[in-house]
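Here is a short walk through one structure. Look at the overall fold, then read on.

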Amino acid sequence: MTTDAGEMSLTVDELAARAGVTVRTVRFYGSKGLLPPPVIGPRRVGRYGARHLARLALIEELQRQGM
C-alpha cells in the first residue's frame, strides 16, 4: 500500500512479511530502540515505511556479520 504522497505504508504484518521476519521480531526491535516507532494512522494503526524496511534489512545483515 502507498500513501497519497507515494510513500510506502505498511502494517506491522505486511512489514514483517516483506522483511522475512515475524511480527514478534519487529515489535522486539522496536522495544529495544533499534527500529523507529511507526506513524500512527487512523484507528490507531501503526504504519511503517521504506526506512523501517531498510532498517530491518540492516539489522539482519549485521546479525549475519556476527554483531
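**A loop, a core and a helix pair**

Arg43 counts as exposed (over 50% relative accessible area, 1.4 Å probe, protein chains only), at 79% relative accessibility. This is a predicted model: local features need pLDDT of at least 70, side-chain atom pairs count only at pLDDT 80 or more, and totals for chains, interfaces and linings use all residues. Residues are numbered from 1 along each chain as its sequence is written, and side-chain values use heavy atoms, leaving out hydrogens and water.

Arg43 sits in the loop between strand 1 (39-40) and strand 2 (46-47). Strands here are DSSP runs of E, at least two residues; helices are runs of H or I, at least four; both are numbered from the N terminus. Most residues other than glycine have a negative phi. Arg43 has a positive phi of about 60°. Arg44 lies in that loop too, between strand 1 and strand 2. Its phi is also positive, near 60°. Arg44 is exposed, at 70% relative accessible area.

Now turn to the interior. The largest nonpolar core (buried Ala, Val, Leu, Ile, Met, Phe, Trp, Tyr and Cys residues joined through side-chain atoms within 4.5 Å) has 11 residues, including Leu15, Tyr48 and Leu56. Buried means under 20% relative accessible area. Helix 1 gives the most to this core, with 3 residues.

Finally, the helices. Helix 1 (residues 12-19) and helix 3 (residues 50-64) pack at about 40°, with axes 10 Å apart. Axes are lines fitted to C-alpha atoms, for helices over the stretch in contact, and angles run from 0 to 180 degrees between N-to-C directions.
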